[in-house]
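Hello,

Here is the structure we discussed handing over. Please open it first, then read the notes underneath.

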Number of protein chains: 2
Amino acid sequence: MSTAEETTGGEIEPWEEVTPDAARRLLVAAVEAFAERGYHATTTRDIAGRAGMSPAALYIHYKTKEELLHRISRIGHDRALEILRTAARREGTAAERLADAVGSFVRWHAGRRTTARVVQYELDALGPDARAEILALRREVDGEVRGIIEEGVASGEFDVLDVHGTTLAVLSLCIDVARWFNVGGPRTPEEVGALYADLVLRMVGAK
Amino acid sequence: MSTAEETTGGEIEPWEEVTPDAARRLLVAAVEAFAERGYHATTTRDIAGRAGMSPAALYIHYKTKEELLHRISRIGHDRALEILRTAARREGTAAERLADAVGSFVRWHAGRRTTARVVQYELDALGPDARAEILALRREVDGEVRGIIEEGVASGEFDVLDVHGTTLAVLSLCIDVARWFNVGGPRTPEEVGALYADLVLRMVGAK
DNA sequence: GGGCACACTAAGCGCTCGCTCAGCTTCGGC
DNA sequence: GCCGAAGCTGAGCGAGCGCTTAGTGTGCCC
């Protein structure tokens, strides 16, 4: 395991908002472990060990193992939403903004694959309250993409019959990258982002 | 919880190849539990309880909890491959066969969502040998879809620059249905299948 | 330099996990 | 009517889980 150094589309080293240092190390260790084995198959001893600490140290910075997942999920969803908002609110045609949104969203899912995996696939491990909070963020994510598509349809740029269904499909395509993308594989996050942006423009019938 | 009765595209009641009856009940219970909570969060007591048996009964029919997952994954992948092969080998243009493949594959992921969820998302819980066996089946799945796309490109029906990447995206779209599809939701498996078939034809630039 | 807040560890508690095993019931063959 | 095989249960073992607690080391304020 090496320190991650891939370019991920203008992102600074993440998790810097998590302090103190020991809490961040634990959180980064949890992201890696959850992404590798899943939340339920990860032990608190494993997380603490990866962070170079004893099992009990975890509980000084986090109340429970679930709080770690909640924090990761919250920060990850905030970041995902920020990426989409930036693309949605820039200047340009709907096609340009949709391509930008899909491209950067996919680059994030590929380049920060470990984080994205936890964020997208471990939602069910959260308790009802945390889950509801995260689901609200997901609806905002959906809204950003739907907004761009609706504008493209309104302006005549796009040819889409089922806006909701197509929005779902676009997000689906992006999110699933976290499942299959292989960091050591033949494709860079940039290449996948460019390919998927093109495919999505075809899906919406961009002129 | 009711007995599943949705139409799923001409499928007979599945798991009938699993005998004796008690073994099938346990396997169906395991599919439900794994799909709901995930493999690692499911206990053997839960599986046995759903099947109306004591915890020890499980071990008369299966050596370990992992063997249950392996059997489910194997049967599910066989079924998925069969669906794609049927579509790929029928008569018709590449566009017709691709639409049929995507439509029926999506209908299966939506209509048999619990099975599909386990099949697509619990692969990592398998040991190395079982995992390798399943990965070989996945390569065959990939090959069937890629084959149709290659034929469409060769015949001039499709306009695709990156065949491998586009194949990945098409499968991605289908598989992710198992993550978000809601049985009580507003869309039927048939509707999603039809929408996704149309989107995929757009992705490959079908004339 | 004494006292105290803070970050951390070693040890371990109570619990539940996957899985086992001795024994009970049922049933077909003769 | 007896017997052995097969299917299943009740009780429980050893292990590992999330988390707690008592105690230790360290650095800062005065």
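The notes below cover the pairing of the protein chains, then the DNA.

One caution at the start: this is a predicted model.

**Chain A against chain B**

The contact between the two chains takes in 20 residues of chain B and 20 residues of chain A. On the chain B side, two elements give two or more residues each: helix H8 (163-180) and helix H9 (189-203). H8(B) gives the most, with 9 residues. By class, this side of chain B splits into 10 nonpolar, 6 polar and 4 charged residues.

**Symmetry**

How are the copies related? A turn of 180° and a shift of 0.0 Å along the axis lay chain B on chain A, with an RMSD of 0.0 Å. That is a two-fold axis. Both copies use the same surface. Of the contact residues of chain B, 100% recur in chain A.

**DNA**

Which residues come nearest to DNA strand C? They are A:Ser54, A:Ala56, A:Ala57, B:Thr43 and B:Ala56, out of 16 residues around the strand. The surface near strand C has 10 nonpolar, 4 polar and 2 charged residues.

DNA strand D is also surrounded by 16 residues. Here the closest are A:Thr43, A:Thr64, B:Ser54, B:Ala56 and B:Ala57. The surface near strand D divides into 10 nonpolar, 4 polar and 2 charged residues.

Both chains appear in the list of closest residues for strand C. Both appear in the list for strand D as well.

Best wishes

Note on methods: Residues numbered from 1 in each chain as written. Chains lettered and ligands numbered in written order. Predicted model: local features only at pLDDT ≥ 70, side-chain atom pairs only at ≥ 80, totals over all residues. Contact = placed C-beta atoms within 7 Å. Helix = DSSP H or I, 4+ residues; strand = E, 2+ residues; numbered from the N terminus. Nonpolar A, V, L, I, M, F, W, Y, C, P; charged D, E, K, R; others polar. Least-squares fit on C-alpha atoms with pLDDT ≥ 70 in both. Near = placed C-beta within 6 Å.
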